[in-house]
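Please look over the sequence and the model shown here, and then follow the account below, which moves from confidence to one helix and on to the ligand.

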Amino acid sequence: MTRLVCDANVALKWFHSDGEPQVQEARALAVAAGDGVLELSVLDLTYFEVGNALASKLRWAASRIAALLSQLPAITGEPLRLSLGEMFVTADLAVSHGLSFYDASYWAAARSVEADLATLDSALLAVSFARGAPSADLLPADAVREAAERALTDDWKRALSYGTGIGHPELCAWIADQHGLDPSQVMVTNGSLEAGALLFEHLVAPSDRVVVEQPSYDRTLLLLERIGAERVGVPLEADGIDVDALDSALGAAPAKLVHLIPNFHNPAGCTLSDEKRRRVVEIAARHDCWIFEDDPYGEVGFEGERLATLLSLDGAGRVIHASSFSKTVSPGVRIGYLAGPADEIKALAKRANEIYISPNMLAESIVLELCRSGGLARNIELVNAALKQRRDALVAALREHVPEADFVIPAGGYFLWLTLDADVDCTELLAAAEQERVVFIPGRDFMLEGGESSLRLSFASTPPDQIPEGVQRLARALERVRSAAPA
Ligand SMILES: Cc1ncc(COP(=O)(O)O)c(C=O)c1O
């Protein structure tokens, strides 16, 4: 049986400080303790207020705490000697850092009850440059809550009903207006990944050639692979796709589609220059080929003017544009859209309707509220300022601690693509980095082939004060890999 050894004084203090009527139990515990130390079984924990208080503080079910604790004997074979205060710290650490209770207890037990959580935090926290998502502090919970309230007051019938394949018509109209299009040229989807998947299924047949940038968004590569397309890689440069190589690839054999991420590329961080945009549109029209402009990051720019979309430059009706509210509102709303020639949108909306009837109408209604009320614009400003600060912190730390790193400074978005010296294998580097408690995505995940000495760092998911520490850990991991390599 797992036993917890608790100091009666701590119990008393803790119960008191909780302010709840658990004083009686605390006194009883204190008396029972006699010499000041009380042993509780796991079972006791679920029944005594100890477990309940822990559970309510962490918003966990007491049974979950008991289940966690019951794993311990198998691991330790020893009673866990933690005071209640330490237990609290332990559980808190386990939750906030995704650790097992056992791992967290090791840290908590090494410190006093009054352990400075901030110190523990920085020692424990794995700095993640891996997640292509904003950290929770960048999510506009209040604005969305208020928009939801308004949506359910003013637009509840539509928000709570089935729609059609295009989604909420007023949101389509708002998006069309932003792009200077007719509403018949827009349909809403459940995120822009779904928009891409629909489009690929609509346009691409097995064995069709599809041009992809190298590197490119890993999920795009996967979707095309699943369809059985022949993926043709064309390299990226600091200002976007190599247009001459694109022209040659399309000249070598017909292709159905070119997939491009024009702004603040995932993973490469680069942006397609204005001059190249015009050339790309001209090249695709000449080779009678579709362009899929995959642009979820367009609004998340830190400097300068927004460049013209490929859609707006297209005179041949061969561009289909996708974007998303994932980066400007939140990924959880799952609202994206497609914009392009009306007859293609009509066919795509029919396909969408056959598969899922309509995209999520409630989420669309909420997003529409944010668009109309100015909440969207305010959030974009906040998010861009925060992301810029993170980008700057990352660039400065890389220059200081990993001077060999070669990268394009992203002018927006979430990602920085780092290329190290050719002797470094980033899969090995990741293993070393995990030991240093920092993570990233190795470059080969974004490549058809190669990419071993590159990696993607996301600065969206990491608060700026953790970025220098994360980069120093990366530098230490690099040293480890180098020192382990045969001379
Ligand atoms: C290039 C690119 N396209 C599409 C998506 C999908 O985004 P969502 O489905 O959240 O709109 C992402 C997400 O990170 C992306 O980076």
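**Confidence, a helix and the ligand shell**

Over residues 1-24 the pLDDT (the predictor's confidence in each residue, from 0 to 100) stays under 50, and for this stretch the model has 59 contacts beyond four places in sequence, two residues being in contact if their C-beta atoms, placed from the backbone, lie within 7 Å. Residues 33-50 also stay under 50, with 42 such contacts, while the protein has a mean pLDDT of 84 and 74% of its residues reach 70 or more. This is a predicted model, in which local features need pLDDT of at least 70 and side-chain atom pairs count only at pLDDT 80 or more, whereas totals for chains, interfaces and linings use all residues. Residues are numbered from 1 along each chain as its sequence is written.

Helix α16, a DSSP run (H or I, at least four residues; strands are E, at least two; both numbered from the N terminus), covers residues 274-286. Its buried residues (20 or more other C-beta atoms within 10 Å of their own C-beta, placed from the backbone; exposed means 12 or fewer, partly exposed in between) are K276, R277, V280, V281, I283 and A284. Seen down the axis of α16, these buried residues fall within an arc of 165 degrees (the arc of the directions from the helix axis to the C-beta atoms), so they line one face of the helix. The face turned away from that buried side carries the exposed residues D274, E275 and R286. Among the elements covering the buried residues of α16 are β9 (290-294) and β10 (319-324).

Around the ligand stand 13 residues, the closest being G191, S192, L193, S324 and S326, where near means a C-beta atom, placed from the backbone, within 6 Å.

Methods:
The expected span of a helix is 1.5 Å times one less than its number of residues.
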